[in-house]
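Please find below a short note on the aromatic contacts and one of the helices. The points are numbered for ease of reply.

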Amino acid sequence: MYATFWSLVPPLVAIILALITKEVYSSLFVGIVTAALFCTGFHVVTAYTTMFNEGFIASLADSSHVGILIFLVILGTIVVLMNKAGGSAAYGKWAEEKIKSRKGTLLATFALGVLIFVDDYFNCLTVGSVMRPVTDKHNVSRAKLAYLIDATAAPVCMIAPISSWAAAVAGVVEGEDGLSLFIRAIPYNLYSLLTIATIIIITVFDIDFGLMKKHEDNAKNGDLFTSGTKVADDGSFDAISEKGKVIDLAFPVAVLIGCCIAGMIYTGGFFEGESFVNAFANCDAPLGLSMGSAAALLVTILFYICRRVLSFKDCMDAFPEGFKAMISPILILSFAWTLSSLTGKLGAAEYVSGIFEGSAAGLTGMLPAIVFLVAIFLAFSTGTSWGTFGILLPIVVGINLPGNLLIITIAACLAGAVCGDHCSPISDTTIMASAGAQCDHINHVSTQLPYAMLVAGVSFAGYCIAGFIRNPWAILIISLALLCLALFGIKKFFSAAD
């Protein structure tokens, strides 16, 4: 079965089961079992041993994988600390006092979403709880708030080199410098970049369409919900301290970014005379992120204790809470690593490379657009972008693509995963965005979908062009021009209709 079509069957099994069951954990596990059986010629006992010894244990014993897991747990702990210290709540109070207009409220919500780029879960719940009182005061619909939360969660994390998403991507790319590929793919991550551009354009020029326009028109008349039920706040992100200030949110984020960058360039030899660019490109990302985040965690704890916003016990209690917050991504990564490892033993990369090496040039040029659509479909159906790129990225990286087409195709995979996750009603971030805004979930999904699909359409057109032009700035300019044309055309249509 080595380097034949059968080598692709395990990830295909995982994909098909995920589409049918809408559940990623069991689907990945069945894919792993299938790969183990194929590796051992269907010898059940040997397959069972292989699944654990060369699969789970080997993957989790890998030093780079352990480094990423350490980073995720520490990140979860810092997130909990920032909330409990009252930094998020303080930002909300500051915004309520300083912001005097509806447009300013929307831009402040967007700015907070961009600031909290280290993790999408933290982003969804924190931005909602912080900005709800401010958006309510200025008659912003809960559906619009939920959209802003969702659109600045995964898309922002997917273009931030210091985030749980960058660590996850680096973790699932075997045999390559995952972080370097992630950074080089950022200019081509059209869906994420265009989603951010869309928020700015529709806010500055007051553009709304679809069901969102109805919600916003009603909100301006005092009806923030239009229909549906209010989602209850469970209080899980309430602050312990009443002494929290904006600095209690901004300082830990700044320290985390600074320490992680320092950790990465340290592992790349910067302090031994290497240039910053080369040190960053050649760094050991998992080691650098774990060292940097651990240093940031220590500084954050000392900062909060010295400011007396949290006690030592409060800080220690954040550790298990932070770990619990990261259980889902840790499970997905562990399964994805194991499936990737066993599929690699079957020669999947060699088989796929051979197919694309013999393909027509036209098909190769259209590969980014094709991968973008496949990733959207998979992420939409399963509700997880992590599971999507965990399955697709090892296959994409294994293809021997010419020039920077590999980077564009990786970006298309990541962009499609974010897009599908953004649109999916069963996505965890979509659900948490609804909860954070205390917006009816169906209202959030139905009002967000037209915006997401518009950006997806423009992104698809961009990837069709990118497969042949392969210049990031040309592609971005063309895609932004198409986006502006579409949005202002919609604005003109609705203005004429009114």
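1. The model is predicted. Tyr 48 is exposed, with a relative accessible area of 55%. Its partner in an aromatic pair, Phe 52, is partly exposed at 35% relative accessible area.

2. The pair formed by Tyr 48 and Phe 52 is edge-to-face, with 5.2 Å from centre to centre and 65 degrees between the planes. These two residues are about one helical turn from each other, because they lie 4 residues apart in helix H3 (residues 44-61). An α-helix has 3.6 residues a turn, so residues three or four places apart point the same way.

3. Tyr 48 and Phe 52 also belong to one aromatic cluster, together with Phe 29, Phe 56 and Phe 335. The count of aromatic pairs comes to 14.

4. A further pair involves Phe 270 and Phe 271: with planes at 80 degrees and ring centres 5.2 Å apart, this pair is edge-to-face. Phe 270 is partly exposed, its relative accessible area being 30%, whereas Phe 271 is exposed, with 56%.

5. Helix H2 (residues 24-39) has 16 residues, which at 1.5 Å a residue should span 22 Å. The C-alpha atoms at its ends are 22 Å apart, in agreement with that expectation.

6. Which residues of H2 are buried? They are Val 24, Ser 27, Leu 28, Gly 31, Ile 32, Thr 34, Ala 35, Ala 36 and Phe 38. Just after H2, Gly 41 adopts a positive phi of about 65 degrees.

How values were computed
Residues numbered from 1 in each chain as written. Predicted model: local features only at pLDDT ≥ 70, side-chain atom pairs only at ≥ 80, totals over all residues. Heavy atoms only, no water. Phe/Tyr/Trp six-rings, centres within 6.5 Å; stacked < 30°, edge-to-face > 60°. Buried < 20%, exposed > 50% of the residue type's maximum accessible area, 1.4 Å probe, protein only. Expected span 1.5 Å × (residues − 1).
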